[in-house]
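This report covers two topics: an aromatic pair and a sheet with its packing helix. The structure is shown first.

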Amino acid sequence: MDLFDYMREQNKEKESPLASRLRPTKLEEVVGQQHIIGKDKLLYRAIKADKLQSVIFYGPPGTGKTTLAKVIAQTTSAEFMQINATSAGKKDMEAVIEKAKQLQGMYGKRTILFIDEIHRFNKGQQDYLLPFVEDGTVTLIGATTENPYFEVNGALISRSIIFELKPLEKEDIKTLLHRALEDMEKGMGAYRAVADEEALEFLADVSNGDARSALNAIELGILTTERSADGLIHITLDVASECIQKRVIKYDKNGDSHYDNISAFIKSMRGSDPDAAVYYLAKMLYAGEDVTFIARRIMICASEDVGNADPNALTVAVSAAQAVERLGMPEARIVLAQAVTYVASAPKSNAAYLAVDKALSVVRESRTAPVPTYLCDAHYKGAGKLGRGIGYKYAHDYPNHYVEQQYLPDAYKDMKFYEPTENGYEQTIREYFKKIKQE
């Protein structure tokens, strides 16, 4: 490194964002994630003993994935190399692997390769790493905001330990904010700033466990707020709210946040909790989820979970889906809310859903049974000679428009597929069957 490189690194360190400058260099300085780096935990012991195996850190932005990698870089005796999957190509990986082989062959030194945003690598790039991870040429540390079981090569996953990082707790965020205000060397201590407790509470809350978001906000507040007459920079609630214009929301439309929220949304409607259902609806709308996708899920729930307990639920859901396509946002939110609250508040029955699945199971797993001849089509020439339709009883010729008659094939004549519940309109269906079969 020449003088110019040295000065560039020094300036970069001083001018980098607060969140970057405050990154800890020791495990003891890391805030949060005690479920994986507590003193009795596997990752803590592996880092301390410098015996780390290939790992993948998975979690939302700002939870410490890169931070943990940097801590490992500071504590390991192995060569530490870093690439970012958004910009690195095969040549970059080949250069890393070549250097790792030289270090291993000439000095017996291990190489740890940290790949940030590893989910951005395509299948071919991930496959290229496999043999070198397997034979120990490199120890892999991957960081991803996406569920690795969806986005990372299964072979790489099988050779790595997955550690899931959770959003930081409010108290963890407040600890970092205090550190930012007080640290004279790496933080903003030299600015002589003080923050009201309610401002810190607000930032810790709206950042939703994202340390980077909270630190960026406090830094912006300090740098843009004039000093008061007492010579201090005061970070009030008003200043804090200006620095985070919009609540950070953890929602990735292509990842597990999408699946988790839609799952909670459907289960809330099924569980007859309109308040929770509307909350998850609002969360999806706020995050920009496709309104037609939401409408389709409401239609499915109206049929699968409400069914004939309230047949009108499907009508409401279908009408909402059509209205959403014609209206678009923001008005579509009102239509969706009406459909969601209706379906969530309706009596529930999955009897129709169970009936068709039971019937499908019989059809799939059993021999195809012939239709009783008296139910067969009798309208074509020669049908009568084959006995088709002979003996069929026309229901409307009998009292209550019902007549006792076997409709199922002989092999399944005693089977029951649809069993109405006692909920909602299905109670009326039960009473109707009871009445017509008794008279």
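Y432 is partly exposed, because its relative accessibility of 41% lies between the 20% limit for buried and the 50% limit for exposed. The model is a predicted one. F433 also counts as partly exposed, because its relative accessibility of 34% falls between those limits. The table lists the two residues.

| Residue | Relative accessibility | Class |
|---|---|---|
| Y432 | 41% | partly exposed |
| F433 | 34% | partly exposed |

The structure contains 6 aromatic pairs. One of them is formed by Y432 and F433, with 5.7 Å from centre to centre and 50° between the planes. This pair is classed as tilted, because its angle is neither under 30 degrees, as for stacked rings, nor over 60, as for edge-to-face rings.

The second topic is the sheet. Five strands, in the order β2-β3-β4-β1-β5, make up an open sheet with parallel pairing. Its edges are β2 (79–84) and β5 (161–164), each of which pairs on one side only. From one strand to the next, the twist averages 15°.

Strand β1 (residues 55–58) runs parallel to β5, and 4 bridges join the two. F57 stands opposite F163, a residue of β5. Helix α5 (residues 65–75) packs on this sheet and touches β1, β2, β3 (111–116) and β4 (139–144). The direction of α5 makes about 145° with that of β1.

How values were computed:
Residues numbered from 1 in each chain as written. Predicted model: local features only at pLDDT ≥ 70, side-chain atom pairs only at ≥ 80, totals over all residues. Heavy atoms only, no water. Phe/Tyr/Trp six-rings, centres within 6.5 Å; stacked < 30°, edge-to-face > 60°. Buried < 20%, exposed > 50% of the residue type's maximum accessible area, 1.4 Å probe, protein only. Pairing = 2+ DSSP bridges. Axes fitted to C-alpha atoms, helices over the stretch in contact; angles between N-to-C directions. Contact = heavy atoms within 4.5 Å.
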